[in-house]
Amino acid sequence: MDMQLQTSAFAYAPAPESRAIVDIAPSYGLFIDGEFTEAADGKVFKTVSPSTEEVLSEVAQAGTEDVDRAVRAARKAFEKWSALPGSERAKYLFRIARIIQERSRELAVLETLDNGKPIKETRDADLPLVAAHFFYYAGWADKLEHAGFGATPRPLGVAGQVIPWNFPLLMLAWKIAPALATGNTVVLKPAETTPLSALFFADICRQAGLPRGVVNILPGYGDTGAALVAHPDVNKVAFTGSTAVGKEIAKTVAGTRKKLTLELGGKGANIVFDDAPIDQAVEGIVNGIFFNQGQVCCAGSRLLVQESIEDELLDSLKRRLSTLRLGDPLDKNTDIGAINSEEQLTRITSLVEQGEAEGAERWSPDCELPSSGYWFAPTLFTKVTQAHTVARDEIFGPVLSVLTFRTPDEAVAKANNTPYGLSAGIWTEKGSRILAVAGKLRAGVVWSNTFNKFDPTSPFGGYKESGFGREGGRHGLEAYLDVR
Amino acid sequence: MSDKTDKTEQLRLSVFKTYKLYVGGKFPRSESGRVYEVTDAKGKWLANAPLSSRKDARDAVVAARKAFGGWSGATAYNRGQVLYRVAEMLEGRKGQFVHEVADAEGLSKSKAAAVVEATIDRWVWYAGWTDKIAQVTGGGNPVAGPFFNLSSPEPTGVVAVLAPQESSFLGLVSVIAPVIATGNTAVVVASERSPLPALSLGEVLATSDVPGGVVNVLSGRTAEIAAPLAAHQDVNAIDLAGADEVLAKDLEIAAADNLKRVLRPQPVDDWSATPGIDRMTAFLETKTVWHPTGSLGASGSSY
């Protein structure tokens with residue numbers, strides 16, 4: 001295979017999106033009770049651009065005292081916010097949705113800088129979904145009696161929310177929009193590597209005239225999140241992140257009256273049957289594992305391919321991977337951006353080395369990595385068995401493990417052979433097979449002949465150790481309502 | 001000082017607006033060339049409004065049918081965005097509508113303002129329904145067999161809407177918004193005595209990303225325009241809100257000829273009360289799709 005020719009045929013001139021549209025301040029405070037403020041102990045941390053290691057800003061780091069102050073502000077705001085007519089809460093959320101739409105290019109560039117993901121994704125996926133999510137839940141705020149949770153569903157109170165770094169603003173939207181629509185107030189902790197878009201969101205709340213204390217943003221590390229979920233005056237805990245931390249949180253809230261929803265890890269199976277349209281399946285596989293550098297909880301990180309088409313599919317897939325463009329995330333042609341942090345890069349590297357050591361066959365296209373920043377080439381493992389670490393552990397990186405099967409029963413058994421249960425994909429032209437297989441999969445989201453589709457109207461969440469509770473859709477309201 | 005101001009005001013002669021119909025995204029006069037006098041609550045002349053003919057009604061149905069494919073095919077999210085845009089545009093023209101509603105209904109400025117604000121909020125309420133009504137009225141059905149079975153609401157088609165006679169703006173929007181939120185297109189007959197807010201609404205819709213033909217507004221004699229609409233073979237449903245008891249019965253009989261869905265007039269004491277979902281479900285069809293789920297055989301099912 002002439003990889004060099006392939007690559008040069010797809011040589012593109014640089015097409016960088018301008019970063020002039022976003023104005024990042026040298027430092028940011030915590031956002032508590034409608035004001036930006038320093039941390040009580042004066043601590044700060046730096047946030048860097050993972051593609052260049054450039055320091056973008058210095059951000060206040062919330063400690064226990066700040067958590068307490070934010071929870072008290074949210075508690076105070078709760079009384080009035082929850083008493084507002086739903087139609088008034090709706091209009092605040094509609095305002096927020098509209099301001100996000102107006103500022104979406106700015107926020108897309110910001111997110112790409114702070115997270116490292118391609119501008120193509122922040123511009124065309126993250127930001128439109130963020131605005132749509134606020135728009136959708138805005139409409140629920142004055143229709144809760146129609147949602148199927150009783151005639152007069154009540155909010156829970158103060159929600160403590162901890163979100164990850166892979167979709168910073170989108171995860172914020174998934175948390176804050178339903179919480180506010182149902183009349184709760186929130187204290188949200190963004191991830192330590194991606195605090196900026198949440199702080200820009202604080203400014204959007206101010207532009208929208210949102211009453212102070214309704215939304216509080218506390219940048220910080222894991223200990224900040226731990227203090228937040230442990231705070232005695234928090235009524236609801238929502239967490240998206242790793243299964244290990246999710247289990248810790250479940251233990252923390254045990255014995256309290258806090259309502260808990262968890263959206264955790266995954267090891268999604270993407271099942272390709274012999275009658276699947278190969279070209280479409282290849283696109284879906286690529287999207288499934290290389291979207292956001294594979295740093296996606298619902299990634300299709302295990303490819304289960306029917307044995308009879310393994311060679312044909314892998315040839316096609318390798319050919320496609322050779323055309324992916326890795327590099328400057330702000331370049332509009334970039335398919336693969338940077339890994340979010342050095343820590344994550346180390347974890348991916350170590351798991352991949354383990355995969356090789358255990359005997360799986362590693363392959364990557366010819367791909368030059370930039371000299372600074374955190375990068376990992378798209379990687380395939382073949383000859384993978386179910387016992388291999390790369391088939392069992394969530395890698396959270398651009399690494400696909402390929403396994404084969406002979407019968408639909410075997411595909412289902414292998415797909416379900418994981419403690420996770422978040423997502424799965426099915427590729428076949430046969431409708432009845434899609435539905436039969438979907439019926440047997442223990443996963444919260446099943447995509448057929450597509451992958452990684454998200455919509456505010458569609459509930460998302462996991463089975464088993466991928467967590468519990470649903471975000472999105474009518475179902476997503478339940479997490480923030482007292483439905484007893 | 002006040003004298004001087006008065007004099008300046010007297011020198012400035014105001015420009016009257018020619019009220020026109022709103023059909024297919026354009027603002028035609030009635031093809032009949034007729035107009036009728038519209039007066040305020042005290043009988044003072046306000047404007048000459050078009051007196052629509054049967055031909056105007058038929059033209060409006062053609063426009064509504066033409067717009068149906070695109071509007072019903074738009075995503076629910078997109079329709080929600082457009083309806084919310086209407087609320088945004090209305091907010092900016094609040095002063096004009098307060099004036100028109102105060103004249104039409106004999107209300108004080110502050111009472112008229114409350115009506116207009118409730119009307120804007122009504123658009124927002126329905127904007128939020130576009131992508132939720134299917135989740136409230138549709139759903140999967142657990143049939144006793146190996147089948148996937150899903151029921152979804154779909155818009156009925158072209159709906160003729162006789163706007164309430166008394167509530168010239170809040171009542172009007174309360175009957176239009178539910179019809180188009182779900183993807184229907186509408187031919188609206190404005191309040192006969194107070195058609196001006198409805199005709200002005202057309203100007204708002206024309207600048208709110210609502211595709212031409214989705215809402216068509218006719219003014220004139222309700223009975224004269226409603227008769228051809230109720231009998232029209234390409235109209236799928238009719239809302240009789242603005243018809244009196246006698247007219248409503250005649251129209252319901254005419255509507256039976258092609259089995260139009262009919263929403264009978266219901267007494268509404270207070271248009272500002274939060275509505276239920278009945279004005280949406282009245283103009284929705286339910287489509288149920290079956291598909292075998294097969295079984296896991298060596299080669300999958302035989303379907």
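Reader: Which residue does A:Ala424 stand opposite in strand 18 of chain A?

Author: A:Ala424 stands opposite A:Val446 in strand 18 of chain A. This is a predicted model, in which local features need pLDDT of at least 70 and side-chain atom pairs count only at pLDDT 80 or more, while totals for chains, interfaces and linings use all residues. Residues are numbered from 1 along each chain as its sequence is written, and chains are lettered from A and ligands numbered from 1 in the order in which they are written.

Reader: What makes strand 17 and strand 18 of chain A a pair?

Author: Two strands pair if DSSP finds at least two bridges between them, and strand 17 (residues 423-427) is joined to strand 18 by four bridges, so the condition is met. The two strands run parallel. Strands themselves are DSSP runs of E with at least two residues, and helices are runs of H or I with at least four, both numbered from the N terminus.

Reader: Why is the crossover between these strands called right-handed?

Author: The chain passes from strand 17 of chain A through helix 15 of chain A to strand 18 of chain A, a β-α-β crossover. The term right-handed applies if, with the strands pointing away from the viewer, the path from the first strand over the helix to the second runs clockwise, and this crossover is right-handed.

Reader: Which side chains of strand 18 of chain A are buried?

Author: A:Val445 and A:Trp447 point to one face and are buried, whereas A:Val446 and A:Ser448 point to the other and are not. In a regular strand the side chains alternate between the two faces of the sheet.

Reader: What makes strand 1 and strand 4 of chain A edge strands?

Author: They belong to an open sheet of three strands with the order 1-5-4 and mixed pairing, in which strand 1 (27-28) and strand 4 (44-48) each pair on one side only. Strand 4 of chain A pairs with strand 5 (residues 55-60) in the antiparallel sense over five bridges, and A:Thr47 has A:Ser57 as its bridge partner in strand 5.

Reader: How do you know that B:Gly242 is buried or exposed?

Author: A residue is buried if 20 or more other C-beta atoms, placed from the backbone, lie within 10 Å of its own, exposed if 12 or fewer, and partly exposed in between. B:Gly242 has 25 such atoms and is therefore buried, although its place is in the loop between strand 8 (237-239) and helix 10 (245-255) of chain B. Leaving out residues up to four places away in sequence, B:Gly242 touches residues including B:Leu162, B:Pro164 and B:Thr222, where contact means C-beta atoms within 7 Å.

Reader: What is the reach of helix 3 of chain B, and how does it compare with the expected span?

Author: Helix 3 (residues 76-92) has 17 residues and reaches 25 Å from its first C-alpha to its last, close to the 24 Å expected. That expectation is 1.5 Å times one less than the number of residues. Among the buried residues of this helix are B:Tyr84, B:Val86 and B:Leu90, and what covers the buried residues includes helix 3 and helix 5 of chain A.

Reader: How many residues of the two chains are in contact?

Author: 28 residues of chain A are in contact with 25 residues of chain B. Helix 15 of chain A gives the most to the side of chain A that touches chain B, with seven residues.
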